[in-house]
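The exercises below are meant to be worked with the sequence and the model open side by side. Try each task before reading its solution.

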Amino acid sequence: MKILQILPHLSDGGAERLVVDLSNELAKQGASVTLCTLYREKELSVLASELDKGVELVQLDKRKGFDRSLFTKLSYVLSASKPAVVHTHLLAVNYVAPLSVLYPDISFYHTVHNDGFRETRRFAERAFRWTFYAVQRIKPVTISEDSTAGFRAAYRGVEPVMIPNGRRFPERSENFAKVQAEVDGMRVTPHTKLFVNLARIVPQKNQVMLVEAFMELIREGHDIALALIGGERGVEGEAMRRKIEEIRNERIHLLGSRRDATDFLYAADGFCLSSEYEGMPISLIEAFAIGCIPLCTPAGGIQNMISHGYNGFMSRDMTKGAFKDALLEMLADERLDEIRENCKKTFTESYDIQETARRYLQLFSGSERPRVVHQSL
């Protein structure tokens with residue numbers, strides 16, 4: 001089976017990570033896979049460098065903003081590669097959707113990586129996508145129970161197929177010894193509990209609240225520290241970083257983007273996400289795999305992933321007070337070794353990329369189909 005994966009670019013986001021792991025695993029399971037990015041990377045990104053030799057990478061030259069020429073470029077890629085399946089991600093679906101009508105022999109699928117209203121905030125854009133979902137030229141895929149409910153609300157009448165995200169087991173890098181030494185240097189005492197936040201600094205990830213919660217507990221005498229790994233995005237992200245710089249002390253570490261980010265999950269005592277909304281975070285799946293106990297807000301698909309006190313901890317709501325309470329509960333829990341093992345079990349049973357790829361191949365072969373219940377948005 002020839003599969004063409006299409007997404008805007010290969011940055012350090014969770015959706016991009018999924019696409020790389022999924023492409024590699026689909027190729028291992030016998031598919032012929034081409035990965036096409038709308039933008040051409042100036043330098044080969046970390047994710048692009050992780051593509052297996054069996055996955056072909058095609059990069060287009062999309063201009064910023066709406067680019068009409070992209071329809072011609074994508075049409076050429078479709079004609080040249082002759083895929084049986086086109087699988088889109090993020091905003092790539094807006095350019096691919098009109099072409100789905102011109103290529104009736106190709107099956108088109110789109111994975112919704114977030115809540116339906118979050119992914120497309122404009123009604124006109126949702127109506128545009130709904131048209132192609134409704135006539136079944138594009139088959140939608142959701143990633144969690146929460147994202148499925150959000151999709152049904154945003155695209156009334158269309159029933160998606162749900163396939164949870166997956167991740168290849170994250171191995172330690174060659175740089176791990178240096179990361180371990182770096183983490184040890186962040187521990188103020190031998191008993192300091194070091195937590196790591198792997199996320200871009202953007203309003204969605206809500207790191208200002210996270211830092212404020214840690215700072216209040218630090219001032220109260222709790223022996224904890226926090227490392228933030230991820231670059232800021234846009235003007236709002238830069239403003240958040242400046243705010244964090246203003247309120248943090250020596251126990252809060254801003255590390256920026258790191259190629260060895262996963263190594264910190266092996267070295268840390270816990271993993272934090274303070275997001276206001278999420279789809280199904282790949283970083284949380286990585287934490288499960290490694291056994292780095294997660295502490296998260298109840299955002300989006302996270303509610304379907306964490307069973308509080310079993311494979312992690314989840315605050316009762318998005319507030320700072322609730323997050324502090326959950327952190328204190330985690331610090332006091334005497335079953336952490338058991339919870340670490342439950343995290344690993346959760347990954348093996350639910351989020352291994354092998355199972356995710358198997359489900360997608362099953363869908364692409366036609367054994368799972370979405371339904372149109374009625375025709376109204």
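**Exercise 1. Positive phi angles**

In which loop is the place of Lys82? Then find what the backbone does at Lys82, and treat Asn206 in the same way.

Solution. Bear in mind from the start that this is a predicted model.
- Step 1: Lys82 belongs to the loop that runs between α3 and β4 (85-89).
- Step 2: Its phi is near 50 degrees, which is a positive value in a residue other than glycine.
- Step 3: Since exposed means over 50% relative accessible area, Lys82, with 59%, is exposed.
- Step 4: Asn206 is placed in the loop between β9 (193-198) and α9 (207-219), and although Asn206 is not a glycine, its phi is positive, at about 60 degrees.
- Step 5: The relative accessibility of Asn206 is 14%, so Asn206 counts as buried.

**Exercise 2. The packing of α1 and α16**

At what angle do the axes of helix α1 and helix α16 cross, and which residues of α1 meet α16?

Solution. Two packed helices are described by the angle between their axes together with the distance between those axes.
- Step 1: The axes of helix α1 (residues 14-28) and helix α16 (residues 353-364) cross at roughly 75 degrees and come within 9 Å.
- Step 2: Angles of 65 to 115 degrees count as roughly perpendicular, and that makes α1 roughly perpendicular to α16.
- Step 3: On the side of α1, the contact is made by Leu18, Asp21, Leu22, Glu25 and Leu26, and they meet Ile353, Gln354, Thr356, Ala357, Tyr360, Leu361 and Phe364 of α16.
- Step 4: Sorted by character, the residues of the contact of α1 with α16 are eight nonpolar, two polar and two charged.
- Step 5: For the spacing of such residues, recall that an α-helix has 3.6 residues a turn, so residues three or four places apart point the same way.

**Exercise 3. Stacked rings**

How many aromatic pairs does the structure hold? Examine the pair of Phe66 and Tyr95, and then the pair of Phe288 and Tyr351.

Solution.
- Step 1: There are 13 aromatic pairs in the structure.
- Step 2: In the pair of Phe66 and Tyr95, the distance is 5.8 Å centre to centre with 15 degrees between the planes, and the pair is stacked.
- Step 3: Phe66 is in the loop between β3 (55-59) and α3 (69-81), whereas Tyr95 is in helix α4 (residues 92-102), so this pair ties together parts that are 29 residues apart in sequence.
- Step 4: Phe66 is exposed, at a relative accessible area of 55%, while Tyr95 is buried, at 8% relative accessibility.
- Step 5: The ring centres of Phe288 and Tyr351 are 6.1 Å apart and their planes lie at 15 degrees, so this pair is stacked.
- Step 6: Because Phe288 lies in helix α12 (residues 282-290) and Tyr351 in helix α15 (residues 336-351), the pair ties together parts that are 63 residues apart in sequence.
- Step 7: Phe288 counts as buried at 0% relative accessibility, and Tyr351 counts as buried at 7%.
- Step 8: Phe66 and Tyr95 also form one aromatic cluster with Phe71.

**Exercise 4. Helix α12 and its end**

How many residues of α12 are buried, and what phi does Gly291 take?

Solution.
- Step 1: Nine of the nine residues of α12 are buried, so that the helix is mostly covered.
- Step 2: Among the buried residues of α12 are Ser283 and Glu286, alongside Ile282, Leu284 and Phe288.
- Step 3: Gly291, just after α12, takes a positive phi of about 85 degrees.

**Exercise 5. The surroundings of Ile143**

Is Ile143 buried or exposed, and which residues is Ile143 in contact with beyond its neighbours within four places in sequence?

Solution.
- Step 1: Ile143 sits in the loop between β6 (138-142) and α7 (145-154).
- Step 2: With a relative accessible area of 0%, Ile143 is buried.
- Step 3: Leaving aside neighbours within four places in sequence, the contacts of Ile143 are Thr111, Val112, His113, Met162, Ile163, Pro164, Asn165, Gly279 and Met280.
- Step 4: Phe214, by contrast, is 71 residues from Ile143 in sequence and 31 Å from it in space, C-alpha to C-alpha.

Key
Residues are numbered from 1 along each chain as its sequence is written. This is a predicted model: local features need pLDDT of at least 70, side-chain atom pairs count only at pLDDT 80 or more; totals for chains, interfaces and linings use all residues. Side-chain values use heavy atoms; hydrogens and water are left out. Axes are lines fitted to C-alpha atoms, for helices over the stretch in contact, and angles run from 0 to 180 degrees between N-to-C directions. Helices (H or I, at least four residues) and strands (E, at least two) are DSSP runs, numbered from the N terminus. Angles under 35 degrees count as roughly parallel, over 145 as roughly antiparallel, 65 to 115 as roughly perpendicular and the rest as oblique. Contact means heavy atoms within 4.5 Å. Ala, Val, Leu, Ile, Met, Phe, Trp, Tyr, Cys and Pro count as nonpolar, Asp, Glu, Lys and Arg as charged, and the others, Gly among them, as polar. Rings of Phe, Tyr and Trp (its six-membered ring) pair if their centres lie within 6.5 Å; planes under 30 degrees apart count as stacked, over 60 as edge-to-face and the rest as tilted. Buried means under 20% relative accessible area, exposed over 50%, partly exposed in between (1.4 Å probe, protein chains only).
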